[in-house]
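Here's a walk through one model, strand by strand and helix by helix. Have the sequence and the 3D view open while you read.

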Amino acid sequence: MAEFLFWTCLLLPAYAWLGYPLVLRVLGTFISRPVRSGNSALSVSIIIAAHNEAAHIQSKIRSLLGQGYPASALEILVASDGSSDDTVALAEAVGDARVRVLDLPRMGKTRALNVAVAEARYEVLVFTDADNVWTAETLNHLLAPLADPTVGCCGGTLVVHRSGSSLSIGDRWYRRYEAWLRELENRVGCMVSADGALLALRRELWQPIPDEVNDDFFLSTCAPVQGQRIVHVPGAVVLDHGLAEADKQLHRRIRVTVGGLQSLLVRRQLLNPLRYGAYALALISHKVLRRFAPLLLVPLLLANLALWDAGPLYRFSLLLQLTGYAVGLAGLFDRSDRLPRAFRLAGFFLVTLVGMAVGLVQFIRGRRYSLWNPQQSR
């Protein structure tokens, strides 16, 4: 029994984190679903949900206006979700007819986005955050795959360009891993979802976002649920900063996990392989198994303890686990960054795993998050 528990609890997380990308890599040598890119010539509504973003909103709006997109085909909607600072005044002060500011009461990000989309006029909805930075050709790159009629949603690439201190280096590597995984999914035509930092969706595919879900997952899955693809666009780059503090990392991971599981519940029809084929299998591997994997690490450790006398393989596995946890804890307590980067990476992944496990427990117990405060995740 202990051996069965050990191998089950080991192989499922190993598949979720390592085996699944390996399967995609192998399939990608035999299967390729290219996307026809080109000049889409579509009109675009860029939507920013903002809560107390006075420090970023003007620079973000100006960067969007400077994308070189035809003025007659571009509008920017800033949906202020009950901001108590100068977000609204500063956004209005930009003084460009293409910018519209919605001064909304506090209602939560998903409802603010729903209101903004109801006000949007154009063919493509582009969603982005107030505090990330676009490169010069981000918008043109993002929209290019929409020249392919089978593509309904496009996702950009978030790059953490300022890291190195504390746990932010782990944040950077995690983002790289996600981008790599999306590229593998993209090649075989089963990209699961796009990053909420930058995504584009055809207006006709839009569905109102329910409360308490992760908006990026729900928005991007508007495409596959209606028979169209999500694609990853490596050239559509947004720059962000890493999150260094362990408590903020933990809080963000808990919220993302709870919202992600609620999103899967809302979109549960997509988990049916008989209807959605390879996409459903990718969704199960990428989103479901990975979120349940951290809960298996405790029984894995306990089973390994019980198997100490079963052979050198089990003793080595136990020592490896204990060493990994010890390195992670050391990385968390290394406030002055004196230890090698490997300790901070281990610390980041330890916080990530704990946050996912706590989020799963909270979800099962009925906890949900509706309001957001982006400053808590910076």
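## The strands in the middle

Let's start with one bridge: Ile48 stands opposite Thr128 in β4. Before going further, note that this is a predicted model, where local features need pLDDT of at least 70 and side-chain atom pairs count only at pLDDT 80 or more, while totals for chains, interfaces and linings use all residues. Residues are numbered from 1 along each chain as its sequence is written, and side-chain values use heavy atoms, with hydrogens and water left out. Helices (H or I, at least four residues) and strands (E, at least two) are DSSP runs, numbered from the N terminus.

The Ile48 bridge belongs to a parallel pairing: strand β1 (residues 44–50) runs along β4 over five bridges. Two strands count as paired if DSSP finds at least two bridges between them. β1 also pairs in the parallel sense with strand β2 (residues 74–81), over seven bridges, and there Ala49 has Ala79 of β2 as its bridge partner. With β4 and strand β7 (residues 198–202) the sense is antiparallel, again over five bridges, and Val126 stands opposite Ala200 in β7.

## How covered are β1 and β4?

Seven of the seven residues of β1 are buried, so the strand is largely enclosed by the rest of the structure. Buried here means under 20% relative accessible area, exposed means over 50%, and partly exposed is in between (1.4 Å probe, protein chains only). Val44, Ile46, Ile48 and Ala50 point one way from β1, Ser45, Ile47 and Ala49 point the other way, and all are buried.

β4 (residues 124–128) is mostly covered too, with five of its five residues buried. Val124, Val126 and Thr128 sit on one side and Leu125 and Phe127 on the other, so to speak both faces of β4 are covered.

## Where α6 meets α12

Two packed helices are described by the angle between their axes and the distance between the axes. For helix α6 (residues 168–188) and helix α12 (residues 341–364), the axes come within 8 Å and cross at roughly 70 degrees. The axes are lines fitted to C-alpha atoms, for helices over the stretch in contact, and angles run from 0 to 180 degrees between N-to-C directions. That makes α6 and α12 roughly perpendicular to each other; the cut-offs are under 35 degrees for roughly parallel, over 145 for roughly antiparallel, 65 to 115 for roughly perpendicular, and oblique for the rest.

Which residues make the contact? On α6 they are Ile169, Gly170, Asp171, Trp173 and Tyr174, and on α12 they are Arg341, Arg344, Leu345, Phe348 and Phe349. Contact means heavy atoms within 4.5 Å. The residues of this contact divide into six nonpolar, one polar and three charged. In that count, Ala, Val, Leu, Ile, Met, Phe, Trp, Tyr, Cys and Pro are nonpolar, Asp, Glu, Lys and Arg are charged, and the others, Gly among them, are polar.

## The two sides of α10

Helix α10 (residues 297–306) has Leu297, Leu300, Ala303 and Asn304 as its buried residues. They cover an arc of only 120 degrees around the axis, which puts them on the same side of α10. The arc is that of the directions from the helix axis to the C-beta atoms. Turned away from that buried side is a face carrying the exposed residues Val298, Leu302 and Ala306.

The buried residues of α10 pack against α1 (2–28), α11 (312–333) and α12. Take Asn304: this residue is buried, with a relative accessible area of 0%. Not counting residues up to four places away in sequence, Asn304 touches Phe6, Tyr314, Ser317, Leu318 and Gln321.

## A few single residues

His232 has its place in strand β8 (residues 229–241) and is buried, with a relative accessible area of 5%. The C-alpha atoms of His232 and Arg182 are separated by 6.4 Å, though the two are 50 residues apart along the chain. Ile31, in the loop between α1 and β1, is partly exposed, with a relative accessible area of 39%. Leaving aside neighbours within four places in sequence, Ile31 is in contact with Arg187 and Val188.

Two loop residues have a positive phi without being glycine: Asn52, at about 55 degrees, and Glu212, near 70 degrees. Asn52 is found in the loop between β1 and α2 (57–65), and Glu212 in the loop between β7 and α7 (215–220).
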